[in-house]
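Please look through the model below before reading my comments. They are short and concern a few places only.

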Amino acid sequence: MPDYFSFINEVLWGSVMIYLLLGAGIWFTVRSGFIQFRYIRQFGKSLKNSVSPQPGGLTSFQALCTSLAARVGSGNLAGVALAISAGGPGAVFWMWVTAIIGMATSFAECSLAQLYKERDKHGQFRGGPAWYMARGLGMRWMGVLFSLFLLVAYGLIFNTVQANSVAHAVRYAFDFPEWITGVVLAVLTLLVIVTGIKGVARLMQWLVPAMALLWVIASLVVTAAHLEQVPGVIATIFKAAFGWREAAAGALGYTLSQALTAGFQRGMFSNEAGMGSTPNAAAAAASWPPHPAAQGIVQMIGVFTDTIIICSASAMIVLLAGPVPHSADAVGIQIIQQALVNLSGSWGAGFVSLIVILFSFSSIVANYIYAENNLIFLRIDSRNTLWCLRVALVGMVLTGSVMSLPLVWQLADVIMALMAITNLTAILLLSPVVTLIASDYLRQRKLGVRPVFDATRYPEIESQIAPGSWDDLPRQ
C-alpha cells in the first residue's frame, strides 16, 4: 500500500501539481494587478481594519486566526524538516516561492468565498469553494465532489498527521506512551469543537498569535546565538535551490527536481494556498471594509506569516544545526527536536513538544470547523451527523498517534492534490470574476474612498450571489 501511494504522489507532484500551482499563482498575480506586491505595505492597515466587528459573521481577524490555526500545524515543524531531508536546503527556497505566488492564489479563492457566501439557519455567514462552484459556476456537482474530498482530508486524514507529530514529539522528549498522548489530545479537541465556529474563532484569535510568536522568538534567539553561521546558511539555500553546488558532479537535474518537489509539497501543505481550505474560514467573516477583496488581502497575510515567517524559523533551526545524526526511523518532528537540542541544550526537545502540541491542537480544531462547514453545504448537518463527524475525528486522532508516519504523509499528499486540482480548476474558470473584484477594489482605493462592493453594478454577478449577503451594505 505505501508503494502504491508513493507512485501516485510521484505522478501528481512530479509534474502535474507543480505546473498547476505555478501556473495558477502567476496567472492570478497578473490578473489581480500584482496585488500581493502592491499591498504588502498595507498589511498593517488591513490587520487594524480586520478587528472591526460586523453583524452576521466573524471579524476578519478571527477568520484569519482560524485559517492560520489550520495552516500552522505540524507541517510548519515536521514538514519543514522532511522537506529539507528529501530535497536538501534548496527546498526552503521553493517553499518561499510557493508562498509568494500562492498569496495571489489565496487572494483569488478567499475573495470568491466572500463574494458567494450565504447565511446559515443561525444567521452566520458560510461559504467556501463548494459555494462558489455551485453559485459562480453553476456546478453543484463539483461542489459536492470538493466537499467530499475536504471531509476526508480535514475530517480524517490530516488529523492523523497532526496527532502523529504530537505523539512522537512527546515520546521523544518525555518518554510518554503515544496512546496516552492521543487520548488526552482527543478529549481536549472534543471539548473545544462542540462550541461551534464562533467558540473556536474566539479561542483562536488569542491562541494562534501567542503560539506563533513563541516559536518565532525562540528561533530568533537561537539564530542570534549562532549569527556567524547565518550568511552561510542563506547562501546554501540559494545555491542548493538551483543545484549549483551539485552541478559539477552531474547531479543538477535530480537535485533541482528533488528540491522543487519537496519545497512545493511541504510549502502547500503548510500554507494551503490554492487547496481550497482557507476560503471556508474567509467566507465566515463579515469583512471590513465591506468588499470581497478586503478579506482576500487579509488572508494573504496568513500565507506570508505561515511560510515566510514561521516555516523559515523552523528551517533556520534545522540548517543551523547542520547534519543532525538521527536514527533511520526518526520522524520529521524528532529531527527538529534533535536540531534544537544540538543548538541550545536539552530543554529544546521539551520546548518543541510544547510548540507542536499547540500547533497541532489548533490545527485539528480548525480542521473540524472546515469539515462541519461542508456538511452544511451538503445539507446533512443534523445533530446526529455532526456527532458522527466528531466521533470520527476523535477516532482518527487516536489512530494517528500510533500510526506509521510515511503512510500518513503519503495519504495526506494524495488527498491534498485532489482537493487542489478541483479547487484550482474552479478558480481559474472564475478568474474573470477575480479580476473584476480586484479592479473594483483598486479603483475605489485610487479614488480615496472606502471600498464598498455594490452588486448592482454587475448584474450577472448579482444574480449569482445569495440574497442578503451584499445588497444590504451602505453605498458610496
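The points below concern a predicted model and take up two residues, one helix and some annotated segments.

1. Start with R126, which sits in strand 2, a run covering residues 125–126. Its relative accessibility is 7%. Because the cut-off for buried is under 20%, R126 is classed as buried.

2. The side chain of R126 has polar partners. One is the side chain of D120, at 3.1 Å. Another is the side chain of N373, at 3.4 Å. Please check both pairs when you inspect the surroundings of this arginine.

3. The wider contact list of R126, leaving aside neighbours within four places in sequence, takes in K117, E118, D120, W131, I197, A283, E372, N373 and I376. D120 and N373, the polar partners named above, are therefore part of this list, given that contact means heavy atoms within 4.5 Å. One of the other contacts, I197, falls at the end of the annotated segment 179–197.

4. Y39 is in the loop that runs between helix 2 (35–38) and helix 3 (43–50). With a relative accessible area of 9%, Y39 is buried, although its position is in a loop.

5. What does Y39 touch, not counting residues up to four places away in sequence? The contacts are I297, Y441, L442 and R445. For I297, the C-alpha atom lies 7.7 Å from that of Y39, while the two residues are 258 residues apart along the chain. I297 belongs to helix 14, which spans residues 292–320.

6. Helix 14 has 29 residues, and its first and last C-alpha atoms are 42 Å apart, close to the 42 Å expected at 1.5 Å a residue. There is nevertheless a bend of about 35 degrees at S312. After the helix comes G322, with a positive phi near 70 degrees.

7. Is helix 14 enclosed or open to the outside? Of its 29 residues, 26 are buried, so the helix is largely enclosed by the rest of the structure.

8. On annotation, an unreviewed UniProt entry lists "transmembrane region" for residues 12–30, 68–87, 137–159, 179–197, 206–227, 347–370, 391–409 and 415–438. Among them, the segment 179–197 is 89% helix and 0% strand in the model, with end C-alpha atoms 28 Å apart. The segment 347–370 is 100% helix and 0% strand, and its end C-alpha atoms are 35 Å apart. The annotation should be read with care, as such entries may be inferred rather than shown by experiment.

Definitions and conventions. Residues are numbered from 1 along each chain as its sequence is written. This is a predicted model: local features need pLDDT of at least 70, side-chain atom pairs count only at pLDDT 80 or more; totals for chains, interfaces and linings use all residues. Side-chain values use heavy atoms; hydrogens and water are left out. Helices (H or I, at least four residues) and strands (E, at least two) are DSSP runs, numbered from the N terminus. Buried means under 20% relative accessible area, exposed over 50%, partly exposed in between (1.4 Å probe, protein chains only). A polar contact is a pair of N or O atoms within 3.5 Å; within protein, one must be able to donate a hydrogen and the other to accept it, and residues adjacent in sequence count only if both atoms are side-chain atoms. The expected span of a helix is 1.5 Å times one less than its number of residues. The bend at a residue is the angle between axes fitted to the seven residues ending there and the seven starting there.
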